[in-house]
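The following exercises are to be worked with the sequence and the coordinates at hand. Each task is followed by a solution in steps.

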Amino acid sequence: MSILFLNPVLKDTIWGGTRLKEFGYDLPSDHVGECWGISAHPNGDCEIAFGEYKGAKLSSMWAEHRELFDNVEGDTFPLLTKIIAAEDDLSIQVHPDNSYAFANENGSLGKMECWYVLDADPNTTIVVGHNADSKDELVSMIDEHRFNDLIRETPISKGDFFQINPGTVHAIKGGTVILETQQSSDITYRLYDYDRLDNGKLRELHLDKSKDVIVSPYKKPELHVGGFKATVNKGFQELVNTEYYTVWKCDVDGEANIKEDQHFMLVSVIDGDGLVDDYKISKGSHFIICKDQDEVTFNGNMSLIISTVN
Ligand code: ZN
């Protein structure tokens, strides 16, 4: 019977701070921006925290124990769950899709991602999409450096949810904490950095690749494409269902039996605490319920974000 508990990988970023302490993590510095909670990506490969497989990397679990993941095919563990806490604005970026990344980035996966907003300071906005009506207009707005007209900003608050398809211009701003579920990829093209200086220099932009991959005009994505796996679990609220992943939110109040009716389930505790079977969990815990586990029992008062690969 397998639940794989993971030690998160914490990442320093120039826009990071100390808010990830709220999730119970020991921070290595005062500018930690990202917690890679469930990841087998080479830039942050999580270790199993305890139990039979203690110390093993998630990438090697995927390589050597594929039965725990329902024998899903693929060279790399497909998903990555992060908590991102921004003290300062992130640069504005865009990701390629699988076919562009495969051809131009050494066979990497593309990156589709989605965000559940865990917290946002009052009057915070988020950048999702752009205002150009066509590819030609997009290219001329970039060439003319009209980024403030180009980017599309929306106010946000706790509990909002955004699906970011490949080719979507996006960025979070300072004062935002999100849980991100994404394809396991680290390919990012930087479009605009608010002309900020880093050690006296502008950070590199990737304008040609950005022009290649940005979809114009921006179209708000469908959240529930459907046709993929559903769940029998009544308490699951579907946030998004796409070609690559399905993500749910589940609130536990007391006892909840959850059937593992997917290939496997990635679980992150975003609030509260309690038990999963006999194991203590709390805000900031990340684990995988594997295929050999028919069901688990949660006890306590907590909110979970659960995802699976489609
Ligand atoms: Zn992104």
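**Exercise 1. A buried glutamine**

Task: Determine whether Gln-93 is buried or exposed, and state which residues distant in sequence Gln-93 is in contact with.

Solution. The model is a predicted one. Step 1: the relative accessible area of Gln-93 is 14%. Buried means under 20%, so Gln-93 is classed as buried. Step 2: Gln-93 belongs to strand S8, which covers residues 92-94. Step 3: once neighbours within four places in sequence are set aside, the contacts of Gln-93 are Thr-168, Val-169, His-170, Thr-188, Tyr-189, Arg-190 and Leu-191. One of these contacts, His-170, returns in the next exercise.

**Exercise 2. The zinc site**

Task: Identify the protein donors of the zinc ion and classify the arrangement of the donor atoms.

Solution. Step 1: His-95 and His-170 each donate through NE2, while Glu-113 appears twice, through OE atoms. The distances from these donors to the zinc ion run from 2.1 to 2.5 Å. Step 2: the spacing of the donor residues in sequence is H-x17-E-x56-H. Glu-113 in strand S9 (residues 113-120) and His-170 in strand S13 (residues 170-172) are 57 residues apart, and the pair links distant parts of the chain. Step 3: the angles subtended by the 4 donor atoms range from 52 to 124°. A tetrahedral assignment would require all angles to lie between 85 and 135 degrees; the arrangement is irregular because of the angles of 52 to 124°. Step 4: Glu-113 has a relative accessible area of 2% and is therefore buried. His-170, at 1% relative accessibility, also counts as buried.

**Exercise 3. Two domains and their contact**

Task: Describe how domain 1 and domain 2 are placed and what the area buried between domain 1 and domain 2 consists of.

Solution. Step 1: the domain assignment places residues 3-213 in domain 1 and residues 227-309 in domain 2. Step 2: taken over C-alpha atoms, the centres of domain 1 and domain 2 are 22 Å apart. To the contact, domain 1 contributes 35 residues and domain 2 contributes 31 residues. Step 3: about 2900 Å² is buried between domain 1 and domain 2, and carbon and sulfur atoms give 75% of this area. Step 4: the count of salt bridges between domain 1 and domain 2 is 0.

**Exercise 4. Salt bridges**

Task: State how many salt bridges the count comes to, then locate the partners of the pair Glu-34 and Lys-82 and of the pair Lys-291 and Glu-260.

Solution. Step 1: the count comes to 18 salt bridges. Step 2: Glu-34 and Lys-82 form a salt bridge whose closest N and O atoms are 3.6 Å apart. Glu-34 is in strand S3 (residues 32-38) and Lys-82 in strand S7 (residues 79-86), with their positions 48 residues apart in a pair that links distant parts of the chain. Glu-34 is buried at 12% relative accessibility, and Lys-82 is buried at 3%. Step 3: for Lys-291 and Glu-260, the closest N and O atoms of the salt bridge are 4.0 Å apart. Lys-291 is in the loop between strand S22 (286-289) and strand S23 (295-309), whereas Glu-260 is in the loop between strand S19 (245-259) and strand S20 (265-276). Lys-291 counts as partly exposed, at 28% relative accessibility, and Glu-260 counts as buried, at 7%. Step 4: Arg-19, Glu-22, Asp-119 and Asp-121 are joined in a network of salt bridges.

**Exercise 5. Backbone geometry**

Task: Which residues does a cis peptide bond join, and where are Asn-123 and His-145 found?

Solution. Step 1: most residues other than glycine have a negative phi, and most peptide bonds are trans. Step 2: the cis peptide bond joins Ser-216 and Pro-217, with omega about -10°. Pro-217 lies in the loop between H5 and strand S18 (237-241). Step 3: Asn-123 has a positive phi, near 65°, and is found in the loop between S9 and strand S10 (125-130). Asn-123 is exposed, with a relative accessible area of 80%. Step 4: His-145 likewise has a positive phi, about 60°, and is found in the loop between helix H3 (135-143) and helix H4 (147-150). His-145 is partly exposed, with a relative accessible area of 42%.

Terms used
Residues are numbered from 1 along each chain as its sequence is written. This is a predicted model: local features need pLDDT of at least 70, side-chain atom pairs count only at pLDDT 80 or more; totals for chains, interfaces and linings use all residues. Side-chain values use heavy atoms; hydrogens and water are left out. Donors are N, O and S atoms within 2.8 Å of the metal (3.2 Å for Na, K and Ca); water is not among the atoms, so sites may look incomplete. Four donors count as tetrahedral if all angles lie between 85 and 135 degrees; four count as square planar and six as octahedral if opposite donors are over 155 degrees apart and all others between 65 and 115; anything else is irregular. Helices (H or I, at least four residues) and strands (E, at least two) are DSSP runs, numbered from the N terminus. Buried means under 20% relative accessible area, exposed over 50%, partly exposed in between (1.4 Å probe, protein chains only). Domain bounds come from an automatic or database domain assignment. Contact means heavy atoms within 4.5 Å. Buried area is the accessible area (1.4 Å probe) that two parts lose on being put together, summed over both. A salt bridge is a side-chain nitrogen of Lys or Arg within 4 Å of a carboxyl oxygen of Asp or Glu.
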